[in-house]
Amino acid sequence: MIFSMENYTKKYFITTYGCQMNLHESEKIAGILTSMGYSLAKSEDCADVIVFNTCCIRENAEDRAEGNIGALKQLKKARKDVIIAVGGCMTQQNGFAEKLHKKFPFVDIIFGTHNLENFKSLLTKKLAQKKSVIEVLEKETEIVEGTPKTRTSYPNAWVNITYGCNNFCTYCIVPYVRGRERSRKMQDIVSECESLIKEGYKEITLLGQNVNSYGNDLPDANFPTLIERISKINGNFRLRFMTNHPKDFNEDLIKAIASSDKVCKSVHLPVQAGANRILKLMNRKYTREDYLEKVKLLRKYLPDISITTDIMVGFPTETDNDFYDTIDLVKQVEFAGAFTFIYSKREGTPASKMDGQIDENVSKKRITQLIDLQNSINRKQSESYLGKTVEILCEDFDEKKNMYMGRDTYGRMAYFTSENNVIGQFVNVKITKTGGISLLGILQ
Ligand code: 5AD
Ligand code: SF4
């Protein structure tokens, strides 16, 4: 075939940092670019538009993004027409866009979290002018519905239910870069879920910084009702949601989870710390006793529920004894998984001004101890799977392992071989081997 400009489609490449929220927002940027005639490039080298969707929740996420943006200087020198855009949480920080522009003048578009839906007009503007386009809105806008999406996580589909956060945990930058909490209308969410299930998606994951406070800003909506409404949609699908906040996680929700045949037997309930003094300094608005009480209630209704969590070590003033309270809580709850973090000082948050910042070596020792403990809990839990047959929703093919993979209702990952492509199908897998947190099995 003779290559001509006529059959050349413009290409985009997006790099995403951070959480599921960001992954889904990248799906929206991809959707906007697709609607403008762009298609996905294999790599940055052959892209016409390169987007960095950044995160600033911890310093290392920022450092990685800055390193990767800086590395494109040569590419931009060689191909002056390529458009480089940087958006997301990092650029939304006070004064950051200007700083970034000074440091990387070759970046063409800088946008924030509040004007992502405007990406088409930002790109159009840039294509018509030589100057960089820098537009970061200070305040959140009304929710924008109907942004096109190019989804990338089939058979799972992410669905936003709230944007922003009102909780102001003292370590966290999210409320500053994502604004106040806004809930999508229940009907908009339910309609989106109905369409996704019709399209063949098999798992819906509802997203919000605190899904439990969904509807607080609406006249007649709350999270348990939303769960009930989505559970009534016809079809064979799973429903997940994240993230929960222990202060708002209540019995009504537990009942809604227990009575739904769609909601997975897995709840992510970030505890952050096990010492009351630290929880208070974090402004989490619950005590370790409250947390343990909620776990007990959850297990009363759903004895086999798997509970995962987020834990931070090295929060300002954290003593060895405070840390042992965290260790003790982890032992008591026996989480099915824990995302563990070393506290990272974020400019502009109350915790960044606190005395008693912890030495990094101390934090590293603590996190190692915590990870070791969690790993031993996971190994024990994995062993209890041996010989059992579990229902797996196949998500992907792992090229390295040469195996298909997917999760059971408890969120546990299993790998298996199959002659047919079973991505997007519910399959039964008999577990024959365990490898730490993941399981290996035979397709039944
Ligand atoms: N430092 C370390 N971890 C943080 N998280 C949020 N802010 C920080 C910070 N400044 C963690 C919390 C949260 C998860 C998404 O990220 O544990 O639940
Ligand atoms: Fe950050 Fe706390 Fe809001 Fe979660 S609930 S996004 S940790 S402020």
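The following conversation concerns a predicted model and covers its ligand shell, cores, cavities and a pocket.

User: What surrounds ligand 2?

Analyst: In this predicted model, ligand 2 is surrounded by Cys165, Asn167, Phe168, Cys169, Tyr171, Cys172, Val174, Pro175, Gln209, His245 and Arg284.

User: How does that shell divide by class?

Analyst: The shell around ligand 2 has 7 nonpolar, 3 polar and 1 charged residues.

User: Turning to the interior, which residues touch the most other members of the largest nonpolar core?

Analyst: They are Leu206, Phe223, Leu226, Ile230 and Tyr291, in a core of 65 residues. Helix α8 (residues 186–199) contributes the largest share of this core, with 6 residues. Another core, of 26 residues, lies apart from it, and its members include Tyr17, Cys55, Val82 and Cys89.

User: And what is phenylalanine 223 in contact with, leaving aside its neighbours within four places in sequence?

Analyst: Phenylalanine 223 is in contact with Ile161, Leu206, Val211, Asn212, Tyr214, Phe241 and Leu253. As a general point, nonpolar side chains in soluble globular proteins tend to be buried together.

User: Arginine 366 next. Is it buried or exposed?

Analyst: Arginine 366 counts as buried because its relative accessible area is 6%, and buried means under 20%.

User: Where does arginine 366 lie, and what does it touch?

Analyst: Arginine 366 lies in helix α14 (residues 360–383). Not counting residues up to four places away in sequence, arginine 366 touches Val313, Glu318, Thr319, Asp320, Phe323 and Ile358.

User: How many cavities of 30 Å³ or more does a search of the whole structure find?

Analyst: The search finds 2. The largest cavity has a volume of about 210 Å³. Its lining comprises 16 residues, with Glu25, Thr113, Glu117, Tyr163 and Arg182 nearest the centre. By class, that lining has 5 nonpolar, 5 polar and 6 charged residues.

User: What about the second largest cavity?

Analyst: The second largest cavity holds about 60 Å³ of space. Among the residues that line it are His24, Lys28, Glu117, Tyr163 and Glu192. The lining divides into 2 nonpolar, 4 polar and 6 charged residues.

User: Finally, how much space lies in the second largest pocket, and which residues lie nearest its centre?

Analyst: The second largest pocket contains about 620 Å³ of space. It is lined by 24 residues, and Gln92, Gln93, Asn94, Gly95 and Phe96 lie nearest its centre.

User: Which helices each supply at least two residues of that lining?

Analyst: Those are α2 (59–70), α4 (89–92), α5 (96–103) and α7 (174–178). The lining of this pocket divides into 8 nonpolar, 6 polar and 10 charged residues.

Definitions and conventions:
Residues are numbered from 1 along each chain as its sequence is written. Chains are lettered from A and ligands numbered from 1 in the order in which they are written. This is a predicted model: local features need pLDDT of at least 70, side-chain atom pairs count only at pLDDT 80 or more; totals for chains, interfaces and linings use all residues. Side-chain values use heavy atoms; hydrogens and water are left out. A residue is near a molecule or strand if one of its heavy atoms lies within 4 Å of it. Ala, Val, Leu, Ile, Met, Phe, Trp, Tyr, Cys and Pro count as nonpolar, Asp, Glu, Lys and Arg as charged, and the others, Gly among them, as polar. On a 1 Å grid over the protein atoms alone, a cavity is a set of points where a 1.4 Å probe fits but cannot get out, and a pocket is an open set with protein on both sides within 12 Å along at least five of seven lines; lining residues have an atom within 4 Å of a point. Grid points are joined across faces, edges and corners, and a volume is the space filled by probe spheres set on the points. Helices (H or I, at least four residues) and strands (E, at least two) are DSSP runs, numbered from the N terminus. A nonpolar core is a set of buried Ala, Val, Leu, Ile, Met, Phe, Trp, Tyr and Cys residues joined through side-chain atoms within 4.5 Å. Buried means under 20% relative accessible area, exposed over 50%, partly exposed in between (1.4 Å probe, protein chains only). Contact means heavy atoms within 4.5 Å.
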